[in-house]
Amino acid sequence: MKQPLKIYFAGDLFDAKDLAGNLLFARAVEKFSDNRYKVMLPQDGECEVSLRSAKSIRDADFELLFECDLIVANFDGADLDSGTVVEFCFAKMVDMPTVLLRSDFRSGGDETLSDNVPWNLMCSNYPRTRVLHLNAMSLYHRARADSKESDSLLDLFYRSLALELIRELDTVTAEPAWLPEDELFSQYQRTVKSIGGTLPDRLPEEKLRRLAAAKTASGLF
């Protein structure tokens with residue numbers, strides 16, 4: 001049986017709405033993809049960090065990121081979360097298929113340009129990267145029209161979000177890689193060294209070789 005592709009879900013995790021919303025979204029993606037995708041939440045990974053410091057939490061997040069096959073970067077908000085942007089950039093260094101997800105209906109960034117992106121233009125136009133811009137309020141209105149019971153309304157709402165994301169995930173995973181398979185290990189090794197901190201200890205050569213082999217086995221390279 002083929003293993004599910006692991007998704008690193010990058011985004012805000014700073015308040016109750018973030019934490020609950022991330023969890024509900026993750027469960028919906030797994031359910032409606034028939035478990036073809038498994039969502040890894042940094043908010044869960046950070047619970048495992050015993051010696052808590054800025055460096056240890058940062059490095060645990062990076063370790064989880066590189067152990068995943070894809071990244072979904074939540075680009076909601078009037079201004080993008082800086083940590084999410086950093087994770088997105090390092091994911092691109094190792095050719096990780098990416099979906100940039102925005103459910104925020106507000107305009108912003110460089111949306112006045114012909115490319116029509118509601119964030120800073122430096123965050124756009126990368127290889128193996130799809131943009132999914134949804135209007136969460138419209139989706140919520142549709143769900144509420146079908147059910148005013150809170151539990152079923154939430155199910156309908158997150159189902160609609162998840163199905164849209166799954167379509168983009170299916171598309172981006174079918175796109176060809178730019179990073180040659182035989183360069184995976186060396187590229188990961190360089191990227192880990194560039195991050196520094198405790199990450200080279202968390203991802204030593206032997207573990208990186210296993211990670212590169214797993215990436216190859218996933219069929220994404």
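**Figure 1. Five strands in one open sheet.** In this predicted model, 5 strands form an open sheet with parallel pairing, and their order is E2-E1-E3-E4-E5. Strand E2 (37-40) and strand E5 (129-133) are the edge strands, each pairing on one side only. From one strand to the next, the twist averages 25 degrees. Strands of a sheet pair through backbone hydrogen bonds, and the pairing can be parallel or antiparallel.

**Figure 2. The pairing of strands E4 and E5.** Strand E4 covers residues 98-102 and pairs with E5 in the parallel sense. The pairing runs over 5 bridges. Arg102 stands opposite His133, which belongs to E5.

**Figure 3. Helix H3 across part of the sheet.** Helix H3, residues 54-67, lies across strand E1 (5-10), E2 and strand E3 (70-74). The helix H3 runs at about 145 degrees to E1. The 14 residues of H3 should span 20 Å at 1.5 Å a residue, and the end C-alpha atoms of H3 are 20 Å apart, so the two values agree.

**Figure 4. Buried residues of helix H3.** Helix H3 is mostly covered, with 10 of its 14 residues buried. Among them are Ile57, Phe62, Leu64, Leu65 and Phe66. The buried residues of H3 also include Asp59, Asp61 and Glu63. In an α-helix there are 3.6 residues a turn, so residues three or four places apart point the same way.

**Figure 5. Helix H6 across the sheet.** Helix H6 consists of residues 150-173 and lies across E1, E2, E3, E4 and E5. Relative to E5, helix H6 runs at about 165 degrees.

Key
Residues are numbered from 1 along each chain as its sequence is written. This is a predicted model: local features need pLDDT of at least 70, side-chain atom pairs count only at pLDDT 80 or more; totals for chains, interfaces and linings use all residues. Side-chain values use heavy atoms; hydrogens and water are left out. Two strands pair if DSSP finds at least two bridges between them. Helices (H or I, at least four residues) and strands (E, at least two) are DSSP runs, numbered from the N terminus. Axes are lines fitted to C-alpha atoms, for helices over the stretch in contact, and angles run from 0 to 180 degrees between N-to-C directions. Contact means heavy atoms within 4.5 Å. The expected span of a helix is 1.5 Å times one less than its number of residues. Buried means under 20% relative accessible area, exposed over 50%, partly exposed in between (1.4 Å probe, protein chains only).
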